[in-house]
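Reader: I am in my first year, and I would like to learn how the words used for a protein model follow from its values. Could we go through them one at a time?

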Amino acid sequence: MNPSIYQLISFLLTYPNQQMKEILPEIREEIEELSTDGVKENLQQFIHEVDRLSLDDWVAHYINHFDFGRLTNLYVTYLKLGEQRERGLELLKLKKYYEAHGFEVTDKELPDYLPLLLEFCAHVPVETSNEILDMHGKAIAEIQKKLQKENSFYHILFEALFIQMESHGLHVVTEDAI
């Protein structure tokens, strides 16, 4: 079974490691099979960018933008709520939303972690994925905007994500996000 586009983007947004570096040729082959215009080209461009980097440079770029970047971390409720008490309620609601749709969430990662959210989207009907992506679309757009401003090649994955979302009938508001 071919992984979905959401699954591919989720995987590529996770912390880079040696295994990821080694399977880039396989990922490139999976991307070649895609038919969604724009998604394929953006994913190919991203793979080209990371393939030319050493693993250490890729990891350093990732850490710089996602681990140390307060405005570019991958937690979709963080930009709006930070460490406020309301964020805890949002995280609990999100976990219950996943569970209501048969998706088991571990305590390994917070429920608002974008790769986890995209993994969920890969396993539910389009209507359900659209609903949750619409809920967090502004935050996702804001992360992409900041990554683009910082000249991070990770913004390319967000472009692919937006094209995929639009192909499922979901329009993403990218201006004046949050």
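**From values to words**

Author: Let us begin with the protein chain, which has ten helices and zero strands, and keep in mind throughout that this is a predicted model.

Reader: How do you know in which order the elements run from the N terminus on?

Author: Reading from the N terminus, the elements of the protein chain run α-α-α-α-α-α-α-α-α-α.

Reader: What makes the radius of gyration of the protein chain agree or disagree with that of a compact globule?

Author: For 178 residues, a compact globule would have a radius of gyration near 16 Å, and because the protein chain has 16 Å, the two agree. The C-alpha atoms fill a box of roughly 40 × 35 × 35 Å along the principal axes. Of the 178 residues, 48% count as buried, and among contacts between residues at least 6 apart in sequence, 64% join residues at least 24 apart.

Reader: What can you say about the accessible surface of the protein chain, and how many positive and negative side chains are there?

Author: The accessible surface comes to about 9,500 Å², of which 48% belongs to carbon and sulfur atoms. There are 16 positive and 31 negative side chains, and the centres of the two sets lie 8 Å apart.

Reader: Which residues of helix α5 are buried, and how do you know where around the axis of α5 they lie?

Author: In helix α5, which spans residues 55–67, the buried residues are L55, W58, V59, H61, Y62, H65 and F66. They cover an arc of only 160 degrees around the axis, and therefore they lie on the same side of α5. What covers these buried residues includes α2 (18–22), α3 (24–32), α4 (39–51) and α9 (126–149).

Reader: Why is L43 called buried or exposed?

Author: Buried means under 20% relative accessible area, and because L43 has 0% relative accessibility, L43 counts as buried. The place of L43 is in helix α4, and, leaving aside neighbours within four places in sequence, L43 is in contact with L8, I9, L12, I31, L34, L157 and A160. The C-alpha atoms of L43 and G88, by contrast, are separated by 33 Å, with the two residues 45 apart along the chain.

Reader: What makes N130 count as buried or exposed, and where does H136 lie?

Author: N130 has 13% relative accessibility and therefore counts as buried, while H136, with a relative accessible area of 8%, is buried. The place of N130 is in helix α9, and H136 lies in helix α9. Not counting residues up to four places away in sequence, N130 touches H168 and L170, whereas H136, leaving aside its neighbours within four places, is in contact with V76, T77, L94 and L117.

Reader: Why is N151 called buried or exposed, and what is its phi?

Author: Exposed means over 50% relative accessible area, and because N151 has 68% relative accessibility, N151 counts as exposed. The place of N151 is in the loop between α9 and α10 (155–167). N151 has a positive phi of about 55 degrees although it is not a glycine.

Reader: What sign of phi do most residues other than glycine have?

Author: Most residues other than glycine have a negative phi. The phi of N151, which is not a glycine, is positive.

Terms used. Residues numbered from 1 in each chain as written. Predicted model: local features only at pLDDT ≥ 70, side-chain atom pairs only at ≥ 80, totals over all residues. Heavy atoms only, no water. Helix = DSSP H or I, 4+ residues; strand = E, 2+ residues; numbered from the N terminus. Rg over C-alpha atoms; globule rule 2.2 N^0.38 Å. Buried < 20%, exposed > 50% of the residue type's maximum accessible area, 1.4 Å probe, protein only. Contact = heavy atoms within 4.5 Å. Areas by Shrake-Rupley, 256 points an atom, 1.4 Å probe, with all protein chains shown as cover. Lys, Arg positive; Asp, Glu negative; His and termini not counted. Charge placed at Lys NZ, Arg CZ, Asp CG, Glu CD. Arc of directions from axis to C-beta.
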